[in-house]
Amino acid sequence: MTTAVDTVAPGSDPEGLDRFRALEARQQPVWPDAETLAAVAGRLSQAAPLVVPAEARLLTERLAAAGRGEAFLLQGGDCAETFADANATRIRNKIRTILQMAVVLTHGASTPVVKMGRLAGQYAKPRSSDEETRDGVTLPAYRGDMVNGHEFTHSSRTPDPRRLEQAYRISAATANVVRAFTQGGHADLRRVHEWNRGFMRNPAYARYERTASEIDRAIRFMEACGADFDALRSVEFYLSHEALILDYERALTRVDAGSGEAYATSAHFLWIGERTRQLDGAHVEFLSRVANPIGVKLGPTTSPDDALALAARLNPGNAPGRLTFVARMGARKVRDVLPEVVEKVTAAGVAVTWVTDPMHGNTITSDSGYKTRRFSDVLDEVTGFFEVHRALGTVPGGLHMELTGDDVTEVLGGSEEIDDAGLALRYETLVDPRLNHQQSLEMAFRVAEMLTSW
């Protein structure tokens with residue numbers, strides 16, 4: 001199915017928000033009860049927004065700076081949040097990890113780091129199959145807690161639209177916890193650096209001692225100069241998730257009274273996944289109608305023409321900061337596929353912020369049967385991303401990571417050398433493997449080294 005390409009500015013045509021319903025919408029659940037879905041959507045359409053347009057507009061400015069090399073984006077969090085894990089301790093651990101990484105990256109980049117969590121809405125995931133079969137029993141695939149349950153029973157796996165409201169309520173609570181931790185002194189620069197000192201006490205990370213010492217000296221220099229550390233007790237922290245379940249996103253879209261533009265208020269930043277970025281599909285159509293900054297995942301099959309067409313569709317005014325391309329090519333393909341895409345997009349004068357997602361293109365199955373990734377592959381894709389931009393003279397604008405603040409064992413390798421047998425110790429993810437707290441910090445130090453030599 002195709003549709004005429006609209007060239008109105010994103011968010012400026014609120015009456016067009018429902019045009020996506022006439023198009024193919026991939027990766028959507030088959031809701032068994034249309035009346036319940038309509039009732040849930042109606043209630044959500046009257047609910048308070050999770051974010052406000054002014055914050056989304058500020059993020060657009062921050063991402064524009066990252067696209068120019070004047071800032072660097074760090075986006076991290078769970079592959080798929082679960083309702084059960086939405087407690088203050090786990091949320092705090094994720095925020096702490098991102099803040100720790102950001103301090104290291106700020107030093108390496110010598111620019112501000114835009115901090116963004118895959119938080120307060122990442123409750124749905126695309127799946128390669130609509131169904132799952134075990135011991136001759138076939139049930140709907142688990143699509144995330146927003147849609148159905150992980151337990152392999154008929155009642156659990158049946159999509160339930162009431163879960164959309166539960167996702168909203170838990171997202172609102174999560175957003176409140178995020179704001180409390182990032183605005184209430186928990187983000188104090190000196191406290192965050194003290195946490196990194198704890199990380200450095202492990203002999204496995206001795207190679208990063210020089211970077212840690214330089215950060216320590218910089219903070220002491222700031223103190224000696226009378227720096228206003230009270231101003232550094234809070235940070236801007238933005239919320240993001242994949243805009244997958246369109247019934248949820250549409251219900252939480254609001255028209256800003258001041259500007260008259262439509263904003264998705266479920267998060268500051270939304271992205272379109274590799275499986276749903278069809279130019280004539282419902283996801284591209286819907287996100288072309290909202291004024292938020294948005295991203296698009298670009299996998300190894302992406303052609304330069306694909307990227308140019310998506311940019312024209314999603315950012316017809318070529319506004320800086322509106323569009324982020326998140327390359328997820330895989331370590332083996334990033335150096336072959338990405339250069340031509342970046343080169344032609346740049347030559348066309350397209351305003352885009354380039355970010356690497358080194359997680360999704362590097363998934364393997366271990367000998368013991370776990371879905372996992374190798375830390376070395378993740379790092380190699382980041383390295384390749386930087387190499388491509390260095391060769392072309394373009395800007396590597398950020399890092400998009402699946403991570404947790406907990407000491408899970410889901411990704412092979414790292415200085416603490418998680419091996420195949422070690423995966424079983426704390427393999428907790430329900431969907432994709434995540435870097436643990438230590439691996440996340442190690443990644444930050446490695447990327448800081450790349451940024452320092454940029």
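Which residue of β14 is the bridge partner of Thr356? Select Thr356 and look across: its partner in β14 is Leu399. Before going on, note that this is a predicted model, in which local features need pLDDT of at least 70, side-chain atom pairs count only at pLDDT 80 or more, and totals for chains, interfaces and linings use all residues. Residues are numbered from 1 along each chain as its sequence is written, and side-chain values use heavy atoms, with hydrogens and water left out.

**Stop 1: the barrel**

Stay with that bridge and widen the selection to β11 (residues 353-356) and β14 (residues 396-402), which run parallel and are joined by 3 bridges. Strands here are DSSP runs of E with at least two residues, helices are runs of H or I with at least four residues, and both are numbered from the N terminus. Two strands pair if DSSP finds at least two bridges between them. Now show the whole barrel: 8 strands close in the order β1-β2-β5-β8-β9-β10-β11-β14, with parallel pairing. Neighbouring strands of this sheet are turned by 25° against each other on average, direction ignored. Such angles are taken between lines fitted to C-alpha atoms (for helices, over the stretch in contact) and run from 0 to 180 degrees between N-to-C directions.

**Stop 2: helix α3 and the largest pocket**

Next, select helix α3 (residues 88-109), which lies across β1 (72-77) and β2 (113-118) and runs at about 155° to β2. Contact here means heavy atoms within 4.5 Å.

Keep α3 on screen, because the helix gives the most to the lining of the largest pocket, with 5 residues. A pocket is found on a 1 Å grid over the protein atoms alone, as an open set of points with protein on both sides within 12 Å along at least five of seven lines; a cavity is a set where a 1.4 Å probe fits but cannot get out, and lining residues have an atom within 4 Å of a point. Grid points are joined across faces, edges and corners, and a volume is the space filled by probe spheres set on the points.

The largest pocket holds about 620 Å³ of space. Of its 27 lining residues, Thr106, Pro112, Val113, Lys115 and Leu189 are the closest to the centre. Two or more lining residues come from each of α2 (53-67), α3, β2, α6 (189-200) and α7 (209-224). Colour the lining by class and you get 18 nonpolar, 4 polar and 5 charged residues. Here Ala, Val, Leu, Ile, Met, Phe, Trp, Tyr, Cys and Pro count as nonpolar, Asp, Glu, Lys and Arg as charged, and the others, Gly among them, as polar.

**Stop 3: the second largest pocket and a hairpin**

Which residues lie closest to the centre of the second largest pocket? Select Pro126, Arg127, Ser128, Arg275 and Lys371, out of 27 lining residues. The space there is about 510 Å³, and its lining divides into 6 nonpolar, 6 polar and 15 charged residues. β3 (131-134) and β13 (371-373) each supply at least two lining residues, and β3 has the largest share, with 3.

Follow β3 into its hairpin with β4 (residues 137-140): the two run antiparallel, joined by 4 bridges. Arg134 has Val137 as its bridge partner in β4. Between the strands are 2 residues, and Asp135 takes a positive phi near 50°.

**Stop 4: the cavities**

There are 2 cavities of 30 Å³ or more. The largest has a volume of about 50 Å³; among the residues lining it are Asp78, Glu81, Lys94 and Tyr123. The second largest, at about 30 Å³, is lined by residues including Gly121, Met146, His241 and Tyr248.

**Stop 5: an aromatic pair**

Finish with Phe20 and Phe286, whose ring centres are 5.3 Å apart and whose planes stand at 70°, so the pair is edge-to-face. Rings of Phe, Tyr and Trp (its six-membered ring) pair if their centres lie within 6.5 Å; planes under 30 degrees apart count as stacked, over 60 as edge-to-face and the rest as tilted. Phe20 sits in the segment before α1 (34-45) and Phe286 in helix α9 (residues 282-287), 266 residues apart. The whole structure holds 10 aromatic pairs.
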